[in-house]
Amino acid sequence: MPISAEKMKRYPGGSIRSPEWLAIRKAILDRAGNRCEGTPNRPECRAVNGEAHPETGSKVVLTIAHMDQDETHNDPANLRALCQRCHNAWDRPHRAINASITRHRKQGQNDLFATGGAA
């Protein structure tokens, strides 16, 4: 899933392409041996970067996950190398909450416009 411009600014150097973030990414991938480190829900996943995922067959592209969902918390203990499958599964509950908040916010705006917007 693409990273919004607002969230991108929270990464070291202001981008996932900055030298600061790339150095952190390399350190995490090295620690992981270029394999998925898994999540508490799927600790056994060890999909190899660049190879076919053993369960999905898709090419593995390792990403770096903030396990607490905070892009500013870049302590190596909070970061893991994850395959797309593990990263998406790990982020799913957080994304569902954000989607619900967005839907409610938009409904409130729609209600405001439907009633004429008078306060």
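In this predicted model, the backbone nitrogen of Glu55 lies 3.0 Å from a polar atom of the His53 side chain, and a second backbone nitrogen, that of Thr56, lies 3.4 Å from a polar atom of the side chain of His53. The residue that takes part in both of these pairs, His53, is found in the loop between H2 and S1. Despite this loop position, His53 counts as buried, because its relative accessibility is 4% and the cut-off for that class is under 20%. Once neighbours within four places in sequence are set aside, the residues in contact with His53 are Cys45, Ala47, Ser58, Val60, Cys83 and Arg85.

One of these partners, Cys45, also lies in the loop between H2 and S1, and with a relative accessibility of 5% it too counts as buried. When residues up to four places away in sequence are not counted, Cys45 touches Cys36, Glu37, Gly38, His53, Cys83 and Cys86. Glu55, whose backbone nitrogen was the starting point, is 10 residues from Cys45 along the chain, and the C-alpha atoms of Cys45 and Glu55 are separated by 9.6 Å.

Cys83 appears among the contacts of His53 and among those of Cys45, and its own list, again without neighbours within four places in sequence, consists of Cys36, Cys45, Ala47, His53, Val60, Val61 and Leu62. From Cys83 the path leads into the largest nonpolar core, a set of 18 residues in which Cys36, Leu62, Ile64, Ala81 and Cys83 have the most contacts. Helix H2, spanning 19–32, strand S1, spanning 63–66, and strand S2, spanning 79–82, each supply at least two residues of this core, and the largest share, four residues, comes from H2. As a general matter, nonpolar side chains tend to be buried together in soluble globular proteins.

The wider frame can now be set around this region. The protein holds three helices and two strands, which follow one another from the N terminus in the order α-α-β-β-α. Of its 119 residues, 29% are buried, His53 and Cys45 being among the residues that count as such. Among contacts with a separation of 6 or more, 46% are between residues 24 or more positions apart. The accessible surface of the protein, finally, comes to about 7700 Å², and carbon and sulfur atoms account for 55% of that area.

Notes. Residues numbered from 1 in each chain as written. Predicted model: local features only at pLDDT ≥ 70, side-chain atom pairs only at ≥ 80, totals over all residues. Heavy atoms only, no water. Buried < 20%, exposed > 50% of the residue type's maximum accessible area, 1.4 Å probe, protein only. Contact = heavy atoms within 4.5 Å. Areas by Shrake-Rupley, 256 points an atom, 1.4 Å probe, with all protein chains shown as cover. Core = buried A, V, L, I, M, F, W, Y, C linked by side-chain atoms within 4.5 Å. Polar contact = N/O pair within 3.5 Å; in protein donor to acceptor, adjacent residues only side chain to side chain.
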